[in-house]
Amino acid sequence: MNILYWHGYLLSGSGSNIYALNVVKDFARNNNVFLFSQERRDLKEFDEHWEYRSDMTLERKVMGERNRNKLINVKPYIGELLPVFVRDTYEDFQVKTFVDLTDEELEKYIELNVSVLKKFLEENEIDIIYCNHLAISPYILRKATEENKIPYVVVGHGSSLNYTIARDERYKKLSSEGLKNCRRIVFQSDYFFQRTLEVYGSGEMGDLVRERGAIIPCGINKEVFGRVLNREEMLSVIEREAMGGYSQRDSAYFRGLGQGGEDIGRISEEIRRRAAKVEGYSSTDSDLHLKIDSLDASPVISFVGRFIFSKGPHLFLMTLPYIFNKYPNARIFIIGSGKLRGALEVILGALKSRNLSFLLNFSQEGHEMEEGTTFGELSYFKRFIEELIEEQRMEEYLSMAAAMDIERVTFTGNLSHNLLPTMMSHSDLLVVPSIFPEAFGMIALEGMYMGNIPVTFDHSGLSEVVPFPENKVSFDGRAVANLTEKILKNCDEKISKENKEFFKNYAENFSYEKICEELIRISR
């Protein structure tokens, strides 16, 4: 069978990006597969890379040859503007969120994608199309298949629904038009299915979602996460990949800003100035090899995710004084990247230096440190600070913070899947403090597969991934206090070889092979 998977974005960094790459790789075991993306790297996973130029001419680069089926990445020309659901920075692109697009920019984006896709479908025989996201791709697919009637299946992801469709009526309308012609709609969790019904309402679109909806949970790439490197192999990969990222000098600079500063505007400017000097703020830290001199500690607690407020890294940092007070030899890994990197290290410096003025100002004005809309993510931080003051526990908290050995808190930068499984295999407990709803909770599942005890907020798709209430954190106004309690309790009682093995076996039930089998089945 010849399959087209329309993605339209990059192939790393976000859950939907990684999902697209893993699905097409598994599809290609038994099918010829074309992936439409904006990935500009010549990834070794593909046999060929095709690129449509602005004049619609096609350039092909052959990477290798499979014995049977081909996997081809196709990059359509869309100009220099890359619309995204969540604001971030991408090399070689001008980036705007979909909700910030003018009508003219949106119309041009649709027109460029439809034109290339129509030309591709005229020149290549395709049996079925799958497309990522609910927001814009279904409409593009409808326009491109009006004449050839090739069936398409829509695979939803939470970011486009919550950040775009729910906030901008333009995308709700376009999405509805596209979904009317699709064969099926895929959701990763019951929460995501119910949330979609809530957004589209109880009328015609609600009925359509119920009729065509199918729940297919995400899976583990067992080939990738089954590959754990020894120390020499890990250092070799770090040497190859850790170029242009932050360094220990940058960390010391950021932490120093938190020691005496309290002016959020000035500190934000200092962070931006420093970040501008770093070649790739979303890269692996340039001196990561110096930071992993010893991975043996107890407990090892990790956060993995994008450095945006909605993922909750700032809340996790506020639990550290309690963690180190009870476990002074603990090791903390903060794995990920994003523009909040500097702000997070400033918070750590402020904690260590008992800089209450900064923490208070951050709780009020910290949103200035992240571009784009926030959804009240700092309210939980603010409430925690207020609780400590109201209950006269702030002095005790700051004393614990001052006693922390913050050299045991390691920011790694962004880790590719060449490194991430190995780092996670050395971790005992994975904290997933996402504030904004998650369609599924992929990182929690991957952490369990690598033997981590999960601690997640009890909401949205996260609740469906984690099997026991002991690992779920009540998500209310006392979110930080609740998170602290669950982390400490799980460190006290749950970190054992038997428990780590249980979670790994539980996660074994989720695979991309099962996902692709279901995607094929429902498309018939």
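Tutor: Before we begin on this predicted model, note that a residue is buried when its relative accessible area is under 20%, exposed when it is over 50%, and partly exposed in between.

Student: Is Lys291, which meets Asp285 in a salt bridge, buried or exposed?

Tutor: The side chains of Lys291 and Asp285 meet with N to O at 2.4 Å, and Asp285 has a relative accessibility of 0%, so Asp285 counts as buried. For Lys291 the relative accessibility is 8%, and because the cut-off is under 20%, Lys291 counts as buried.

Student: How many residues apart in sequence are the parts that Lys311 and Glu438 tie together?

Tutor: Lys311 and Glu438 form a salt bridge whose closest N and O atoms are 2.7 Å apart. Lys311 lies in the loop between E12 and helix H13, whereas Glu438 lies in the loop between E15 and H20, so the parts joined by this pair are separated in sequence by 127 residues.

Student: Which residue of E16 stands opposite Leu430?

Tutor: In a regular strand, side chains alternate between the two faces of the sheet. Leu430 and Val432 point one way from strand E15, with Leu429 and Val431 pointing the other way, and all are buried. E15 pairs with E16 in the parallel sense over four bridges, and the residue of E16 opposite Leu430 is Pro454.

Student: Which residue of strand E12 has Leu430 as its bridge partner?

Tutor: Strand E12 and E15 run parallel and are joined by three bridges. Within this pairing, Leu430 in E15 is the bridge partner of Ser302.

Conventions
Residues are numbered from 1 along each chain as its sequence is written. This is a predicted model: local features need pLDDT of at least 70, side-chain atom pairs count only at pLDDT 80 or more; totals for chains, interfaces and linings use all residues. Side-chain values use heavy atoms; hydrogens and water are left out. Buried means under 20% relative accessible area, exposed over 50%, partly exposed in between (1.4 Å probe, protein chains only). Helices (H or I, at least four residues) and strands (E, at least two) are DSSP runs, numbered from the N terminus. Two strands pair if DSSP finds at least two bridges between them. A salt bridge is a side-chain nitrogen of Lys or Arg within 4 Å of a carboxyl oxygen of Asp or Glu.
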